[in-house]
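Q: Please take a close look at a single part of this model, the surroundings of the ligand, and then carry the account outward into other parts of the chain. I would like one connected answer with the distances and accessibilities stated.

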Amino acid sequence: MDHFQLRNGELYAEDVPLSRIAAEVGTPVYVYSRATFERHARAFRAGMERAGRVHLAYAIKANPNLAVLRVMANEGYGADVVSGGEMARALAAGMPASGIVFSGVGKTPAELTKGLEAGIGQFNIELEEEGEVLAALAAARGLTASAVLRVNPDVDAGTHAKISTGRKENKFGVPVDQAAAIFARLAGRPGLRLRGVAIHIGSQLQSLEPLEAAYRRIGALVAELRAAGHVIDRIDLGGGLGVPYQPGAVYPTPDALGEMTARVTAGWDVELMFEPGRVIAGNAGILLTRVIWVKPGVVHPYIIVDAAMNDLARPALYDAYHHFEAVRPAGDRMIANIAGPVCESGDTFAMAREIDRVVSGDLAIFRTAGAYGATMASTYNSRPLVPEVMVDGDRYAVVADRISAETIMHAERVPDWLDRV
Ligand SMILES: *Cc1c(COP(=O)(O)O)cnc(C)c1O
């Protein structure tokens, strides 16, 4: 459930009419609902606590806006970060370093050092050499890195190929059949406290079965590691729970995930870590846009909106579906294509879709844009960087400015040796 609903024929974010945000901030603009973030954060926690002792690390790559991170910090979440930049954001938002998990297949020695010096709670090691370097960097500073080994369980997550991460040909983690040997070689190193293993098999998971298969492989590995004398006190089960982008789609709930986790991990006797991203942020945000033109097409008209692939990349990247609705639906419907102004045919949000009838100048939204939306925005075609707004009851704040093409241009230089003489 979210807080973007019709009231008297007009779409609101909580108690704020979207038309007011469009008038005062302009479009396109992302709009987040604080109450929806909080609702999702609490529902996810309640689900996972069925499985016992948990630490929740919000995967901030889904939506790293500082205001969003503050909401999650207030909900007791730590952060899953995948770069030095994300680590800086989590710390800036007030998340304690001890609650931060540092993931990512390409952490540089400089980033590992920054993490050590900040006192990051857990490093998820992706390959043996990274573990060796992390141990050496820590030992040289008289520190001990708390870490787990990311294992690739070789399961098919049943999701889009570009967001599958747990098959053996993917770049993530160490192969499950080599994990025990690599663990044993790293475990004894000074500077490293290797305390468990991690998995993350993919995103937008539609079923719990691949996760359950991965959990079972991890359970077997943990038994093997313990039999070899290792102390295992943490298992990181990653993120990946999907959300319904299409009306009526049904996805496993946090409660169902918690129930499955409780059943499969019974007796593991560890702290369980989770890294939810999309399931927290997805339906907590929309992209508000204005129709520029309704352009006649050969078969269906093209609705040309002022949002584009640079603002919301998912349709162009993954053929993703985002539900489109008029802010003031008149009641009748039309079949149309929806596209942005960018000069690429890939800048198309939908083809031959039945939608609310709209005319030039109307406001509309793309739903389920709170995750992997603004954070993937670019300035392609020298468009401004899209702003973000957070609503809280009957008030709202701009939580990220629109950055103009002129401002971005000011970061560029023409060297004087290009001057004509
Ligand atoms: C992206 C990512 C997540 C979050 O995935 P969601 O599908 O958004 O829940 C969690 N852990 C790791 C390591 C990731 O890369």
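A: What follows starts at the ligand and then turns to two helices and to some backbone details.

The model is predicted, and the distances below should be read with that in mind. The ligand is surrounded by 14 residues, and the closest of these are Lys61, Ser203, Glu275, Arg278 and Tyr372. By type, the shell around the ligand divides into five charged, six polar and three nonpolar residues. Oxygen atoms of the ligand take part in several short pairings with the protein, which can be taken one by one. In the case of lysine 61, an N or O atom of the side chain is 2.8 Å from an oxygen atom of the ligand. Arginine 278 contributes through its backbone, where an N or O atom lies 2.7 Å from a ligand oxygen. For tyrosine 372, a polar side-chain atom is found 2.6 Å from an oxygen atom of the ligand. The ligand taken alone would expose 390 Å², and the protein buries 93% of that area.

Away from the ligand, helix H7, which spans residues 179–187, has Ala179, Ala180, Ile182, Phe183 and Leu186 as buried residues. These residues lie on the same side of H7, because the arc that they cover around the axis is only 165°. The cover over the buried residues of H7 includes helices H6 (128–140) and H8 (209–227), together with strands E8 (122–125), E9 (145–152), E10 (174–175) and E11 (192–198).

Helix H8, one of the elements in that cover, deserves its own inspection through two of its residues. Leucine 211 is found in H8, and this leucine 211 is buried, with a relative accessible area of 3%. Once its neighbours within four places in sequence are set aside, leucine 211 is in contact with Ile201, Leu205, Leu257 and Met260. Computed along the sequence, 29 residues separate leucine 211 from glycine 240, while their C-alpha atoms are 9.1 Å apart in space.

Glutamate 212 is also found in helix H8, and glutamate 212 counts as buried because its relative accessibility is 17%, where the cut-off for buried is under 20%. The side chain of glutamate 212 makes a polar contact of 2.7 Å with the side chain of arginine 216, and another, of 3.2 Å, with the side chain of arginine 263. Leaving aside neighbours within four places in sequence, glutamate 212 is in contact with Met260, Arg263 and Val264.

Some backbone details complete the account. Most peptide bonds are trans, and most residues other than glycine have a negative phi. Against that background, threonine 27 and proline 28 are joined by a cis peptide bond, with omega about -5°, and proline 28 has its place in the loop between helix H1 (18–25) and strand E4 (29–33). Threonine 368 has a positive phi, near 55°, and lies in the loop between strands E19 (363–366) and E20 (388–392). Asparagine 381 is found in the loop between E19 and E20 too, and its phi is likewise positive, near 70°. As for accessibility, threonine 368 is buried, with a relative accessible area of 3%, whereas asparagine 381 is partly exposed at 34%.

Conventions:
Residues numbered from 1 in each chain as written. Predicted model: local features only at pLDDT ≥ 70, side-chain atom pairs only at ≥ 80, totals over all residues. Heavy atoms only, no water. Near = heavy atom within 4 Å. Polar contact = N/O pair within 3.5 Å; in protein donor to acceptor, adjacent residues only side chain to side chain. Areas by Shrake-Rupley, 256 points an atom, 1.4 Å probe, with all protein chains shown as cover. Nonpolar A, V, L, I, M, F, W, Y, C, P; charged D, E, K, R; others polar. Buried < 20%, exposed > 50% of the residue type's maximum accessible area, 1.4 Å probe, protein only. Helix = DSSP H or I, 4+ residues; strand = E, 2+ residues; numbered from the N terminus. Arc of directions from axis to C-beta. Contact = heavy atoms within 4.5 Å.
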